[in-house]
Amino acid sequence: MLQVSDILNAGKWRCQAVLLLFCLCTGGCTKPLKLPDIKPQQQIVLLGELTANDTVRIRAGQSIPVAAGSSMKYTPPVRLQMKLTRNPGYIEYLTSSYDDWVTLLHTLPYSCPSKIRPDQLYTLTVTHKDLPPATCQVYIPPAFSASIVDTASVWVNGINLLRVRIEIRDDGEREHFYVIEGIKEYVEIDGRFTWQGVRYKVSEHESLYDSLLRTDALPDVSWDTTRPGNYGRIYIYTDDDRTENLRLGTAQSASKRILLADKTINGQAYTTQVYLDKSLFVSPDGPKGPVIIQIKSVSEAYFTYLKGYELFEPSSAYNTLLQPVKVTGHVEGGLGVVGGVYRLQFQYLFDRWYATR
Amino acid sequence: MKFFQATIWLYLFLLLLPLFTRAQGGKLLQTPYHPSFTVGRLDAFFDDIRTRTGITLSFSASFLNTTDIIRLNGTEETVGEALAVLLAGYKVTLAERRQRILIIPAVGWRKDGCTISGYIRDQTGREILIGVNVFIPALKVGAVTNNYGFFSLTVPRGNYTAYISYIGYKTDTIQVTCQDAKQWNILLQPANTLQEVSIVSERSDPLAEGDYLQVTPADIYRQQALLGETEVLRTLQQASPGVQAGIDGTSSLIVRGGDPGQNLYLLDGVPLYYVDHLFGLTSVYNTEAIKSADFYKGAFPARYGGRLSSVVDVHTKDGDMERVGGQFTMGLVKSTLNLEGPIVKDKASFMVSGRRTWVDGLILPFTNQIGVHFYDVNAKGNWIINKNNRVYISYYTGRDQVRYSEGDETSLRTRWGNTIASAKWTTVITPKVFINTTYTYSHFEYELKDRAQVIDSNGISNEGTYTGASRINESALRLQAQWFPQYNHKVEIGGSYSYSLFEPTKLVRVNARIPLPVNPVSNEFSSNEIMVYAEDEIKIDDKLLIRPGIHWANWVSEQFNYAGFQPRLYASYRLAGNHLLYGSVAHMVQFLHLISNNSYGLPADFWVPSTEKITPERAWIGTLGYSGKYKGARYSMEAYYKHTNGVIVYTTGKNIFDHSSRWQDKIMQGKGWSYGLELAAEKQFGPVHTSLAYTLSWNWRQFDQLNEGRAFPYRYDRRHNLKIATTCKLAEHANMGVNWTYMSGEAFTLPDQIYPDLDNNLMIIQPSVTSADYTYNYADWNAYRLPAIHRLDIGFNFTKKRNENYIRTWSFGAFNVYGRPNVMFVTLRHNEDDGSFKLEQLSVLQLIPYITYRLSF
């Protein structure tokens, strides 16, 4: 089955397919091979962002060693002791909970109500009775100035794109690492109506709702929009030579994030433009919600991780013919990354939604 | 750096060594000596002096005729008095050095010499022969024919018998009288077309030099052929220690830890940029068109440059000057037809050879999904204008195509190929001076049509296509002059100018729904390379030979200017008996880089030039070796160390056509070093000839941006590499060959941990999120090893000779007889049910039989 990693390695998988077909003609066969007989220990995994002026929410899990006897079964570690400190004398303990995503994401959410302060260095220390302790330092960048200059619908190669021009006003005093991403928030829209004295939810009684709508007997419906906090990534493009994306890939490569280090724009007001394919977020039958353009200033360690992550495809298969992509984290004694983020975000609503559905 | 400084000092010392041999006389000449006899040969008196006094006389036979009969006065009391009489007829001076007396020619002695020169050719087809030994036993001096069959040997005036010997030919003799300055035109008679011959040429030295190998078609045919494809590069893999295949079964060369792109491939002196055909199963070198191939993996002659690891210099046949004939070969994969003959008898000839795969036509009725084929054509003509002037014209063109279709649509099509041409003029200015002038043209092009990455509402898909191209054009004018002032002294100087046009990557067209406009940008640029070299081969005495050389190249364009001063030194010292110590130091500079994703012959390799940002690759290689003979067995042992700066690696697995103008950003440069010990031995046991080549080696790479800057083993860091080849003459017209190969497994990178995905955990869900989304963590680069590779190949040749001109050969055998599942690559999977991990290896080429028919007419 074709996998996304194959696509990102455009050209290579088909070369290999030809080669494999050729090999099969020349006596090719597959055979199990012994995994390294080593006993690497599982490690604590920390994944998340500490965002300035936001509460603390990260997720934690544990890794699986690739070795003989290991099993691809993630077990979220319970009873992790997670402590967030900041000089001078600030200590906060994070508590875990259980949400619907644990099964899919293999991690538990950890949080605390305190808000993260910008331009501060936090230390996250995690211990567990069966796992080696993990710690990481997270620098929260200070406030920065950026804005969206304009947006436009443009047609390129017959494709309707949203062009977003962004001005970043770099202060020139510190080293900044900027990240631009486009996400779509998936909101839930549901209505309630009363029929024959009974209160109904539209999502739970769609057939009744539809029949009443058809017969023009539908009473007033009160619509509610809830925001469960789920997002979808919108792949984003750039043709800006100063971005890391064009060092790593191409103007034609779909990026998760646009990465721009300030070393090439230091102290300037710099305007860059990114493109998002509107067909991805304007879909009559797709999920509804605003498109959010996020402009972030992130910690250097997080920026380094994201550079590797941009090349890495999470669902990629591993084989020895492909060059490994190393995603470098900063969790000492563990794995993953906790990014320090100062975030600005701009929302646009493109979806059209009618009460009559 | 100390190593290099020491090397340069050693180099200067050896270069100046001859200046220090003029020691002053004294005590040794006063040593009492009473001759055992008064009349005898000069060499007998020298032996008598050594026996009775323990004093060794050191001299060169180039100025002493040791067979002269001398009469002493009978009154001589000392060594000095005896030598005064014995050497009265020679213009020499004497000097003492330790326990030796050096007999040194005085100024002007050379006027008494005479020069024997000429061409040596095959008697049957008048083909010039390369590397033929011309040896005069009385003087213990000799010469070797150069790449154009020319030799020159200056000796003292006298009458001599010279022996002409060459592997596979009957040894001939000529009587040299020095009475006239005629040019010799010697025809050697083949000994036996089926004769088992040594693969190692003895050249001028009876003991082989470990870093040099000469391969003839006979050597190539003796190798067991994968799918019947006899192949010069696979012969080198089998015959030379320190040389290994990339992936087993392919013809790629990994020489002493070098990258595949660090080998200089020449065809009639013209550089080739891509030599693989058909996934590396065979190369562009058509065995039927080959006359011989020279292979160097160290001690590089100064005329070669531009690559770091090895030189494969293949010479094609000139064409039969006597009659029209040829060969037809039919194997499982392709057919070859070779035709050659005279244009004007004994004056001009031609050779045309063509190959094409036909297996693609066979599979077409069954599937149209895959299409793989190649063809190539070699052509050559030569014209003997007169005894001193010859002209050669050669041409090669070849193309490969790989196509993969999904449904009715071609989703991948790649084509690549070389076209080269050369015109050479060789002239003998004087019997001592030979000049070769060559104009060469080389064109390499590569085209890839592939699916383009586009997006739609379901995420990324491949609905469009793009076409990328890469090409190199090179024109060069080369001059080579060889001067043979004395039998013990050969000077070669030369130079070249080449103009190259590079287009490393070009996005030609896009037919896809791609969001951002694609400008078909071209990053074409040109370079000029000027190269000069000089080399001096000097036999200091009958034991010591040194060959210092200089190669200087300047690579310049509007954007960059790189120069490479590349000293070379080879030295050998003959010990008592048939034992030879030799060593070499060479500095090599490579201005072109091969970006290689693999070495299994797929078109995923690109040549890119050095730029302002990407510096040339530079290597120092030092070797120290010993070779000898014992009871008919030949053996050698050689240690080497190679250090390379500027080796490159492609930063990501992405397509280089991605963004043409930024390709330099996707390349990392680092360094590599390798060292090892190579052993080789061969012996004839009656009808059985056995050879062994073993390599113990370590290969390392280091890049600042990889593996956190730590050194790691190179992918082909194979600790042990053992090759044993045996041929047996079963009957007059039947022989059998058995090869066994063992290689340690290659290094590979395996993730040590797997952990959940970042974006999912930020609640930014991928378009197609699954619970299998995870991140691999790599702790160390190339920290794991694949299983060792070994296999046994067996082949038989049955030949029937109807008459001198009609010979047919059936060859059959099997590759990997015991079906060893050697690993090509490995995938990591996990069991969906219990989650357990497993590595899965793909093995190919297990028990592959072959059959080949060859008709020579």
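The questions and answers below look at how some terms are applied in this predicted model.

Q: Why is Lys631(B) called exposed?
A: A residue counts as exposed if 12 or fewer other C-beta atoms lie within 10 Å of its own. Lys631(B) has 5 other C-beta atoms within 10 Å, and therefore it is called exposed. Lys631(B) lies in the loop between strand S37 (617–630) and strand S38 (633–650) of chain B, and its phi is near 50°, a positive value in a residue other than glycine.

Q: What makes Asn707(B) count as buried?
A: The cut-off for a buried residue is 20 or more other C-beta atoms within 10 Å. Asn707(B) has 20 C-beta neighbours inside 10 Å, so it counts as buried. Asn707(B) is found in the loop between strand S40 (688–702) and strand S41 (712–713) of chain B, and its phi, near 55°, is a positive value in a residue other than glycine.

Q: How do you know that the span of helix H6 of chain A is close to the one expected?
A: The expected span is 1.5 Å times one less than the number of residues. Helix H6 (residues 300–311) of chain A has twelve residues, for which 16 Å is expected, and from its first C-alpha to its last it reaches 17 Å, which is close to that value.

Q: What covers the buried residues of H6(A)?
A: The buried residues of H6(A) include Phe303(A), Leu306(A) and Tyr309(A). Among the elements that cover the buried residues are strand S12 (177–195) and strand S20 (335–348) of chain A, together with helix H7 (758–761) of chain B.

Q: What makes S13 and S17 of chain B edge strands?
A: The open sheet in question has five strands in the order S13-S20-S21-S16-S17 (chain B), with mixed pairing. Strand S13 (212–215) and strand S17 (270–272) of chain B each pair on one side only, and they are the edge strands.

Q: How do you know that S16 and S17 of chain B pair?
A: Two strands pair if there are at least two bridges between them. Three bridges join strand S16 (residues 263–267) of chain B to S17(B), and the two run antiparallel, so the requirement of at least two is met. Within S17(B), Pro271(B) is the bridge partner of Leu266(B).

Q: Which residues does Val232(B) touch, not counting those up to four places away in sequence?
A: Among them are Val215(B), Ile220(B), Tyr285(B) and Val314(B). Val232(B) is also one of the residues that touch the most other members of the largest nonpolar core, which has 164 residues.

Note on methods: Residues numbered from 1 in each chain as written. Chains lettered and ligands numbered in written order. Predicted model: local features only at pLDDT ≥ 70, side-chain atom pairs only at ≥ 80, totals over all residues. Core = buried A, V, L, I, M, F, W, Y, C linked by C-beta atoms within 7 Å. Contact = placed C-beta atoms within 7 Å. Helix = DSSP H or I, 4+ residues; strand = E, 2+ residues; numbered from the N terminus.
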